[in-house]
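Hello,

Here is the structure I promised to pass on to you. Have a look at it first, and then read on for what turned up in it.

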There are 2 protein chains.
Amino acid sequence: MEEEPLSKDWLIGFIEGEGNFNVALSNKKDNPNYPFDIYPMLQFRIFLREDDLNALNKIREFLGVGRIYKKKTEYNRRMGFRAKDQYVYCISHSKELLKLKEIITPTTFHTKKAKDREIFFKILDLKVNKKHLTLEGNEQIINLAKMMNSGMRENFKIKLNNGQKS
Amino acid sequence: MEEEPLSKDWLIGFIEGEGNFNVALSNKKDNPNYPFDIYPMLQFRIFLREDDLNALNKIREFLGVGRIYKKKTEYNRRMGFRAKDQYVYCISHSKELLKLKEIITPTTFHTKKAKDREIFFKILDLKVNKKHLTLEGNEQIINLAKMMNSGMRENFKIKLNNGQKS
């Protein structure tokens, strides 16, 4: 039973529940040649517990892109949090994200995650067209990222404080 | 776009992400005529943030059963936790849970939630057949509930300590 393949609708429903469209605004030290302080990194992720690794494998197989890795939980444990082992399915390369876009954007999203999806792929298009290398495009991306529904806004504040010179 | 109806596969995928099959083992004071200390209460729930109330409405419409109510967050807030307003879609009546069973059990689940679903509906069948009123059936239900994947086991311990006389 469990080895039946996924359907696209199942995947969309699952992504609306568990998918995470993340725009990390990192400071430029990871990218020495990049002209601005803030570099937008796009990651589409699904975190699942260790015993659901099989589901992540099926998702990767269905989408044909992305990587699966084990999430490091040692830090959380040292800090006294109970943390179950987790695996992460992650797509971060632009080419692979374009493939994801091609598969999931023609389909209706029923939750507010529709907004995150829209902004995420708008930022992807800007990056693919090298707009993040212009001041105007960089600002546009940061402003788009601020409008995302996810935990982004908090994240954004922290990263900005670390990353800005002023 | 957002007003398009759900598909069943979407709903299954979403339930695998966000659905919660809960067996609460309450002590009998809520049910004065019940012969045992522990009464198994079944709840299928989906919690979503206030701005996704529309998605919950669509789900209720699709399944044709269940209720939506606002989750009380005052307590969490008083305790200093940041708590966003949430709505809960909940099915708890046996007749309505049988309807849910009819809709979602013939379909493959791809995650470990398959196990929770199986046990949940096994307990439902026992209750529908009045087995929870026999000592043997009651014990069987408690043992099944212990095997669930969800946060159940923790919950179970607390409830047992409160509910048992010994």
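A:Gly13 is a good place to begin: this residue is buried, because 27 other C-beta atoms lie within 10 Å, and the cut-off for buried is 20 or more. Please keep in mind throughout that this is a predicted model. A:Gly13 belongs to helix α1 of chain A. Leaving out residues up to four places away in sequence, A:Gly13 touches B:Asp9, B:Trp10, B:Leu11, B:Ile12, B:Gly13 and B:Phe14. If you would like a distance to try out in your viewer, the C-alpha atoms of A:Gly13 and A:Ile142 are 28 Å apart, with the two positions 129 residues apart along the chain.

That takes us to the place where the two chains meet. Helix α1 of chain A (residues 8-18) and helix α1 of chain B (residues 8-18) have axes that come within 6 Å and cross at roughly 30°. The crossing of α1(A) with α1(B) is right-handed. On the α1(A) side, the residues making the contact include A:Trp10, A:Leu11, A:Ile12 and A:Phe14, and on the α1(B) side they include B:Trp10, B:Leu11, B:Ile12 and B:Phe14. Sorted by class, the residues of this helix-helix contact are eight nonpolar, four polar and six charged.

How many residues does each chain bring to the whole contact between A and B? Chain A gives 23 residues and chain B gives 23 residues. On the chain B side, α1 and α2 (53-63) each supply at least two of the residues that touch chain A. The largest share there comes from α1(B), with nine residues. By class, that side of chain B has eight nonpolar, six polar and nine charged residues. The predictor gives the complex an ipTM of 0.83 and a pTM of 0.85.

Now to the fold of chain A. Its secondary structure comes to seven helices and four strands, which follow one another along the sequence as α-β-β-α-β-α-β-α-α-α-α. Of the 166 residues in chain A, 30% are buried. Among its contacts between residues at least 6 apart in sequence, 62% join residues at least 24 apart.

The four strands form an open sheet in the order β1-β2-β4-β3, with antiparallel pairing. Which strands of chain A stand at the edges? They are β1 (19-27) and β3 (67-70), and each has a single partner strand, so one side of each is left without a neighbour in the sheet. On average, neighbouring strands are turned by 35° against each other, direction ignored. Strand β3(A) runs antiparallel to β4 (residues 86-91) of chain A, and four bridges join the two. One pair to look for is A:Tyr69, whose bridge partner in β4(A) is A:Val88. Helix α2 (residues 53-63) of chain A packs on the sheet and touches β2 (38-49), β3 and β4 of chain A. The direction of this helix makes about 10° with that of β4(A).

Chain B has strand pairs to look at too. Strand β2 (residues 38-49) of chain B pairs with β4 (residues 86-91) of chain B in the antiparallel sense over six bridges, and B:Ile46 stands opposite B:Tyr89 in β4(B). Strand β3 (residues 67-70) of chain B also pairs with β4(B) in the antiparallel sense, over four bridges. There, B:Arg67 has B:Cys90 as its bridge partner in β4(B).

One backbone detail is worth a look in each chain. A:Lys130 has a positive phi of about 65° although it is not a glycine. A:Lys130 is in the loop between α5 (113-128) and α6 (135-146) of chain A, and it counts as exposed because 9 other C-beta atoms lie within 10 Å, the limit for exposed being 12 or fewer. In chain B, phi of B:Lys130 is near 60°, again a positive value in a residue other than glycine. B:Lys130 is in the loop between α5 (113-128) and α6 (135-146) of chain B, and it is exposed, with 9 C-beta neighbours inside 10 Å.

Finally, a word on confidence. The mean pLDDT of chain A is 85, and 84% of its residues reach 70 or more. Over residues 151-166 of chain A, however, pLDDT stays under 50, and for that stretch the model has 16 contacts beyond four places in sequence. Where pLDDT is low, the predicted coordinates should not be read in detail.

Best wishes

Notes: Residues are numbered from 1 along each chain as its sequence is written. Chains are lettered from A and ligands numbered from 1 in the order in which they are written. This is a predicted model: local features need pLDDT of at least 70, side-chain atom pairs count only at pLDDT 80 or more; totals for chains, interfaces and linings use all residues. Axes are lines fitted to C-alpha atoms, for helices over the stretch in contact, and angles run from 0 to 180 degrees between N-to-C directions. A crossing is left-handed if the near helix is turned anticlockwise from the far one by less than a right angle, and right-handed if clockwise. Two residues are in contact if their C-beta atoms, placed from the backbone, lie within 7 Å. Ala, Val, Leu, Ile, Met, Phe, Trp, Tyr, Cys and Pro count as nonpolar, Asp, Glu, Lys and Arg as charged, and the others, Gly among them, as polar. Two strands pair if DSSP finds at least two bridges between them. pLDDT is the predictor's confidence in each residue, from 0 to 100.
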